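Okay, everybody has a coffee, so let's get going. Have a look at the sequence and the structure on the screen, and I'll walk you through a few spots.

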Amino acid sequence: MANFSKSILKVLLIMLFAAYSSFNAANSQYQNLLLRDLDDYLQCWQNQNYRCMATYVVPGVVQQLGGVEGFIKIMESVPALFEAQGMKLDISSMNMGVPSPVAEYKSVLMSVVPTRIPFEINGENAVMNGSIVALSENQGQRWYYVEGTTEGVQFLASTFGNDVFRYINVPRNTMELNGQKFPVD
């Protein structure tokens, strides 16, 4: 009887390991697809191709901003808004960090991607640390993004419910200035 129990335990461990390996392989595949899309999204942004960028933003968010044309107008106005506050973004030096492991919630794949945007404020160098949340409804073949801002988190909660935050962790945005970090909303 003890040998039978050991045999069952071995089979269960092998099945568990196989399932874990399969999940890791799928997660790796999703991550590779996500990294490809992120690179394209970043190129759109750095080249100020806001029409291209709009194709990567969650369609519901684009619609809330007045469709593609409204999104483009808002993005075109961003530099002037920052300059009016004594700030100058350095989008060319923006980078994306390592995406979190892909989670699945309600048939949607999700990952949180840290972002880092250097800028100047009143002649001082600073960095905005934030995130975007990547979402895919087709097994990672196409990813859409929503900013990890208060508005983005509210959009996620209204779309998926608060349970989504048991699966993903959206960190609070911070600004680094003169060696100090400040929370930003």
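So, start with Thr115: its side chain reaches the backbone nitrogen of Ser131, at 3.3 Å. Keep in mind that this is a predicted model, so that distance is computed from the predicted atoms. Thr115 sits in strand 4. Is Thr115 buried or exposed? It's buried, because its relative accessible area is 8%, and the cut-off for buried is under 20%. Who's around it? Leaving out residues up to four places away in sequence, Thr115 touches Met94, Asn95 and Met96, and then a run from the other side of the list: Met128, Asn129, Gly130, Ser131 and Ile132. So Ser131 turns up twice, as a residue Thr115 touches and as the owner of that backbone nitrogen.

Okay, zoom out for a second. The protein has 5 helices and 8 strands. Going along the sequence, the order is α-α-α-α-β-β-β-β-β-β-α-β-β. There are 185 residues, and 37% of them are buried. And if you take the contacts with a separation of 6 or more, 54% are between residues 24 or more positions apart.

Now, the pockets. The largest pocket has a volume of about 1,000 Å³. Which residues are closest to its centre? Those are Trp45, Met75, Glu147, Thr149 and Glu151, out of 34 that line the pocket. Plenty of elements give two or more residues to this lining: on the helix side helix 1 (2-46), helix 3 (59-64), helix 4 (67-84) and helix 5 (150-160), and on the strand side strand 1 (87-89), strand 4 (108-121), strand 5 (124-136) and strand 6 (144-147). Helix 4 has the largest share of that lining, with 6 residues. As for chemistry, we're looking at 23 nonpolar, 8 polar and 3 charged residues in the lining.

The second largest pocket comes in at about 210 Å³. It has 13 lining residues, and the ones closest to its centre are Gln48, Tyr50, Pro79, Leu89 and Ile91. Here the elements giving two or more residues are helix 1, helix 4 and strand 1. Which element gives the most? Helix 4 again, with 5 residues. By class, that lining is 9 nonpolar, 2 polar and 2 charged.

Next, the cysteines, since somebody always asks. The count is 1 disulfide, and that disulfide joins Cys44 to Cys52, with the sulfurs 1.8 Å apart. Are the two partners buried or partly exposed? Cys44 is buried, because its relative accessible area is just 5%, under the 20% cut-off. Cys52, at 23%, counts as partly exposed.

While we're on buried residues, find Asp37 for me. Asp37 is in helix 1, and it's buried too, with a relative accessible area of 3%. What does a buried aspartate touch here? Not counting residues up to four places away in sequence, Asp37 touches Tyr56, Gln141, Arg142, Trp143 and Tyr145.

Last stop is the loops, where two residues have backbone angles I'd like you to look at. First up is Ser107, in the loop between strand 3 (103-105) and strand 4. The phi of Ser107 is near 65°, so a positive value, and Ser107 isn't a glycine. Ser107 is exposed, because its relative accessible area is 53% and exposed means over 50%. Leaving aside neighbours within four places in sequence, Ser107 is in contact with Ser136 and Glu137. Where does Glu137 sit relative to Ser107? In sequence the two are 30 residues apart, yet in space they are 6.6 Å apart, C-alpha to C-alpha.

The other one is Gln139, in the loop between strand 5 and strand 6. Gln139 has a positive phi as well, about 55°, and again this isn't a glycine. Gln139 is partly exposed, at 38% relative accessible area.

So, to recap: a buried Thr115 whose side chain reaches the backbone nitrogen of Ser131, a pocket of about 1,000 Å³, a disulfide between Cys44 and Cys52, and positive phi values at Ser107 and Gln139. Okay, over to you for questions.

Terms used. Residues numbered from 1 in each chain as written. Predicted model: local features only at pLDDT ≥ 70, side-chain atom pairs only at ≥ 80, totals over all residues. Heavy atoms only, no water. 1 Å grid on protein atoms, 1.4 Å probe; cavity = no way out; pocket = protein on both sides within 12 Å on 5 of 7 lines; lining within 4 Å. Points joined across faces, edges and corners; volume = space filled by probe spheres on them. Helix = DSSP H or I, 4+ residues; strand = E, 2+ residues; numbered from the N terminus. Nonpolar A, V, L, I, M, F, W, Y, C, P; charged D, E, K, R; others polar. Disulfide = S-S within 2.5 Å. Buried < 20%, exposed > 50% of the residue type's maximum accessible area, 1.4 Å probe, protein only. Polar contact = N/O pair within 3.5 Å; in protein donor to acceptor, adjacent residues only side chain to side chain. Contact = heavy atoms within 4.5 Å.
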